[in-house]
Structure formats: C-alpha cells, structure tokens
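Colleague: Hey, have you got a minute to look at a model with me? I'd like to go through its charged pairs.
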Amino acid sequence: MAAPRRRLTTTVGIVGGGPAGLMLSHLLSRAGIENIVLEKRSHETIRTTQRAGILEAGSVKMLTDTGVNGRVVTEGHRHEGIDLRFNGVSHRLDFQDLVCESVWLYPQNEVFVDLAAARKRDGGDVRFSVTDTQVLDLTSDEPKIYFTDDAGEDFELHCQLVVGADGSQSICRKAIPADVRSDHFIAYPFAWFGILTEAPPSAPELIYANSEHGFALISQRSGMVQRMYFQCDPDEDPSTWSDEQIWAELQKRVDGPDGFTLKRGPIFEKMVLPFRSYVCEPLRYGNLFLAGDAGHTVPPTGAKGLNLALADVAVLAKAIESFATHGDHALLDAYSDTALERVWKAQNFSFWMTSMLHSRADQSSFERKRILGELNSVATSRFGQQYLAEAYTGWPHG
Ligand code: DHB
C-alpha cells in the first residue's frame, strides 16, 4: 500500500516558482503571510532558460523598494529610449523626454536568480523539482495541492488560497471548468528566431526594425554578449541555420543608407519563440487566483510578459494581505477585473507593436505601404511617440 500523503498547511499555496510566484511569495512573507511555493522545474533549468530582457520602471521599483536587492540597478542597464527603424532609417524615441521614464535591460533569468536568492535569505519555503502537482477543492474554504517533492515523498498541502503562477501551460488554469471561463486566443503566422552571440553591442539602445524582409530586434545582454531576434516561420528549425546565414538574415533587415552594420561574433544559442495572444477570463475560480502567463500570454514584441506578471502580483499581494489580515474579501473579489484592465491594455500594445513591425508572407502592396504609413505616423508625431513610450515604459502600478 502506498504511504499516506504527508499533510502540510499554509495560508497561500503558490503553484509556480518563476518570477511571478517568487515575487508573490516575497511580498506575502514581508506582510507576515505564510506561503509555500511549488515549482516543477529545477532552479538550474529556470536560471538557464533565456527569456526577455526589458523591465519597466515599475518592475524595477518593485525589486528595489521591496528589498529583493539592487542588482537590477547596479548591473542592469538603464535605457532612455529605443530606435524604431523602417525604410532603413532609424527614428529615436526618447523616453525621458516623452514620458520622463526609462526601462532597464536586465534579463528575466537574473530577476529569477535575485528573487530565489531573496526567498532563501529570508527563509522562504520554495520547493523546486516537484512532480505530480494537482489542485483540488478550489471552491471550498480549504483548497488542497497534492504534490511529490524532489525526494519522492507525497504531500497534501492545505491552504486558504491557491495561486496559479505556473506559466502558459498552467495546470491551475486547466483545473477551472471550461464552462466558467472564457479563453480569448489568437495565433500569428510567424515566430521569432532568437540568438545569443559573443560580440560587442551593435548599438547603445534597442532597435526595433521593420523591413520588407521581416522584423528584426537588436537587443543586448552585456558588453560581450548580445541578444538578437528576427521574424521567422513558426516551424523553423534553428539547428539547420549556420551562423553565416543568420548574420545575413539579420543584416538585411537593418540595412539602410546610413550603412549600419551589425557587429558579429560566434552564435552560442539559437531558439524559436512562439507567438500567441491569450487571456483567460476571469482570473479567478473560487479560491484559485491566476497570475502572469498562467492567465494570459502576450507575443514578445515589447517585452510585456514578465512586467505584466509582476503587475498582477502587485495587485494580488495587496488583495491577499487585506483578506489575510482583516478578513476583507473586497480586493480579492476585485482582483480579476483590476488585473485584466492592465492585461488588455498590454494585449493591445503587444498586438499593435507586433502587427506594425512584422510582415506577412501574403502581404499586399497596400498593406506594406499602410504599415509604413503607420510607422511614419508614430515616428513623426510627438503624440504617437508618447503613446508608444508610455506603454513601453509601463503604466503606473495601481
Ligand atoms: C528583448 C525581448 C523582447 O521581446 C523585447 O521586446 C525587447 C528585448 C530581449 O530579450 O532583450
């Protein structure tokens, strides 16, 4: 007979130990609210998975003001603008001038490392490499999470609230019956081919380039390592591309009369990133609350994914605190609507940036010209630039 499950209790059971789950755990612990984080991947797997690299001002403030640490400021790079490049010409958007804000280039895996270290420092209960996670009794006053830890021991975790911060393949979201949730979804006919290269920066800030050959994004990581992407087919196999082919593809998308030339180096990582837009409504089912990619996915253009997850968590942490310390449900009841307001603004921004910067295989000459008209409208109007700058640097946290 199988050994009985070992029983654990806590106030908030958090499924998912990526940045959203860990930030929530950090904020709850600071407010004296017990919580346990369960993550199926190992610390090493998350640490070495490449994700986006841009943090909004509000995300940086969350990391520094709540005592995670200041590494984002000392080791990240403050960017005060981006280049929009089309027809081979760059147009700088000066975020400081437009909206008095900046963003920080600081990769998501570093945010994860910082949060995991802060949880460890503060005695947080974060269990990596758990298996067979199931969420149960979500509409009762005592939802449970079954899981097996990395030593093979079976547990049942009894909580008052469960938070699903378990990414786009969320088991928590799947536990919500289909007839009480709406899935809003669109697919795109392209993806991004992402590389890491050992080369000096090609430009001081990010370049978002539209060209007749498709989109390219020139980003950075450090003085010696750069991150770049170009639009590709969703079923592209990165292993079939030589470094030479990749550089030729990237270069032709940024070519222009200014002679801008990418600085090349050995490419040591290649991957294809899928594109989709998705929102689950509502972000609540009984005593289960969804945060981050578990509840919504954006295409990568504009790097909203992590920032949106942290914004959800800021709202949810306050709501849980009000419930756990005063027994007040009002903010929990408002969580889904409050978070979704920002989510839909970010969905619109990510969709807009994506459709304005990419090209489709079947694009008509009208559509190509219209897109150039749209880019011109943004780049040559202070109001157009300001809209982009405000959304890119992030609306204030509520
Ligand atoms: C990066 C990724 C993005 O999706 C983006 O819009 C900007 C930067 C990056 O990985 O550096």
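Modeller: Sure, let's start with Asp122, which is partly exposed at 42% relative accessibility (buried is under 20% relative accessible area, exposed over 50%, partly exposed in between, with a 1.4 Å probe and protein chains only). Keep in mind that this is a predicted model, where local features need pLDDT of at least 70, side-chain atom pairs count only at pLDDT 80 or more, and totals for chains, interfaces and linings use all residues. Residues are numbered from 1 along each chain as its sequence is written, and side-chain values use heavy atoms, leaving out hydrogens and water.

Colleague: Which side chain meets Asp122 in a salt bridge?
Modeller: That's Arg121, at 2.8 Å, N to O. A salt bridge here is a side-chain nitrogen of Lys or Arg within 4 Å of a carboxyl oxygen of Asp or Glu.

Colleague: And how many salt bridges does that rule give?
Modeller: The count is 26. Another one pairs Asp183 with Arg181, with 3.1 Å between the closest N and O atoms.

Colleague: What about Glu244, which partner does its side chain have?
Modeller: Arg264, at 3.4 Å, N to O. Glu244 sits in helix H8 (residues 243–254) and Arg264 in the loop between H8 and strand E19 (267–273), so they tie together parts 20 residues apart in sequence. Helices (H or I, at least four residues) and strands (E, at least two) are DSSP runs, numbered from the N terminus.

Colleague: Is Glu244 buried or exposed?
Modeller: Exposed, with a relative accessible area of 54%, while Arg264 is partly exposed at 40%.

Colleague: Which residues are joined into one network?
Modeller: Arg71, Glu75, Glu110 and Asp114, through salt bridges that share partners.
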